[in-house]
Amino acid sequence: MHRVQILSGHLSSNSRVGMRQCSASAADPNDIVVVHGLRTAIGRAKRGSFKDTTPDELLSAVMSAVLKDVGLRPSLLGDVCVGNVLQPGAGALMARVAHFLSGFPESVPVYTVNRQCSSGLQALFNIAGGIRGGSYDMGLACGVESMSLRSPDNPGDLSPRLMDNEKTRDCIIPMGITSENVAERFGITREAQDRFALSSQQKAAMAQKKGLFEQEITPVTTKFVDENGTERTITVTKDDGIRPGTTFEGLAKLRPAFKETGSTTAGNASQVSDGAAAVLIGRRSTVEKLGLPVFGVLRASAVVGVPPDVMGIGPAYAIPQALNQAGERTICLGCNRSDVCSSPGPESPVVCVCL
Ligand SMILES: CC(=O)SCCNC(=O)CCNC(=O)[C@H](O)C(C)(C)COP(=O)(O)OP(=O)(O)OC[C@H]1O[C@@H](n2cnc3c(N)ncnc32)[C@H](O)[C@@H]1OP(=O)(O)O
């Protein structure tokens, strides 16, 4: 109960900046604290709002908006790390271009990191590691992907022995088939997937209707070429993929997308998307000296390798490891309601999950 009280103290609502002020009493000046974070709306790849927007523009929109919201000069950043999977060429060019488009000085370094679907999260923990190691006090962690303008199709040059080894062969299985493998291996029925998809759509639609996403989405003004080939300027403020009219019956009618006898459909798969996000973090003592808000505290992180043919199960192994590292301390996975927080037992840390 005590830990739940500490947690709910982290979650009192306020303005957009620092809307969840962290008031944990056991504050350490070396805590790595989250100051502010923003994302673009999430666009539907190839057909959605950002189909004609380059990733450097998406990234620049969030990089500049986060610093502008809190009034921090970019020159005070010790490092910027950008998670990105589909990196053309030598990787970091897109991030450095975004960096200059945002008006950041050249003295602030930037680099990219690729840990597949968790690249943005890895960027956050890389920046936290730099602060913890004493290299700098403030840093910006970002993630960006344009699935519209980049292609995952070319795997590059790989060993001719690729197909001789079961594990290396599994590394080139398409994501949709890994979803089918997880469903088969863990007995997740089509009905269970459709029910989860329905509940996810309903929660997203409710949050959108209530304007809850407005706190985290920065509007992006960009070009959009319509079906007649006419270029228009649009300002994107809302996620494309939310379908408030979704019903269980409608989902049940959709055909499997990857395998004749499969259960993954366009309605229960994760959408192929375009978007970007940025999070400003820093050492608590510096953040407080600069008069910046404290949104939360980063306590622990963990990465765990899993078989490539069921790669989607990664979080089920990494989350318990992160909780073990955190021990008795609180981990908040991004929720703004204390009534969904639970204390699993006296030996476990409090986990606050965004439902
Ligand atoms: C950064 C990243 O994005 S990486 C992660 C990307 N995710 C993956 O790779 C996971 C695998 N997912 C996929 O490959 C794709 O989502 C696919 C192939 C399953 C489906 O892709 P798309 O065909 O583009 O899906 P799309 O959203 O356009 O839906 C197709 C149709 O399904 C139907 N449909 C989709 N969602 C619903 C729903 N909730 N209710 C009812 N019908 C629906 C609609 O008829 C829709 O057509 P419409 O948009 O014209 O109405």
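This tour goes from the ligand to helix α6 and then to Phe-224.

The model is predicted: local features need pLDDT of at least 70, side-chain atom pairs count only at pLDDT 80 or more, and totals for chains, interfaces and linings use all residues. Residue numbers run from 1 along each chain as its sequence is written.

Select the ligand and the 18 residues around it; a residue counts as near when its C-beta atom, placed from the backbone, lies within 6 Å. Ala-257, Ala-266, Gly-267, Ala-269 and Ser-273 come nearest. Colour the shell by class to find eight nonpolar, eight polar and two charged residues. Here Ala, Val, Leu, Ile, Met, Phe, Trp, Tyr, Cys and Pro are nonpolar, Asp, Glu, Lys and Arg charged, and the others, Gly among them, polar.

Two helices, α6 (175-185) and α8 (248-252), each give the shell at least two residues. Helices are DSSP runs of H or I with at least four residues, strands are runs of E with at least two, and numbering starts at the N terminus.

Select α6 next. Thr-178, Ser-179, Glu-180, Asn-181 and Ala-183 are buried there, with 20 or more other C-beta atoms within 10 Å of their own (12 or fewer is exposed, in between partly exposed; C-beta atoms are placed from the backbone). The buried residues of α6 pack against α7 (190-209). After α6 comes Gly-187, with a positive phi near 65 degrees.

Finish at Phe-224, in strand β6 (residues 220-225). Phe-224 is partly exposed because 17 other C-beta atoms lie within 10 Å. Leaving out residues up to four places away in sequence, Phe-224 touches Ser-49, Asp-52, Arg-232 and Ile-234; contact means backbone-placed C-beta atoms within 7 Å. Ser-49 is 175 residues from Phe-224 in sequence, yet 6.9 Å away in space, C-alpha to C-alpha.

Methods:
Two residues are in contact if their C-beta atoms, placed from the backbone, lie within 7 Å.
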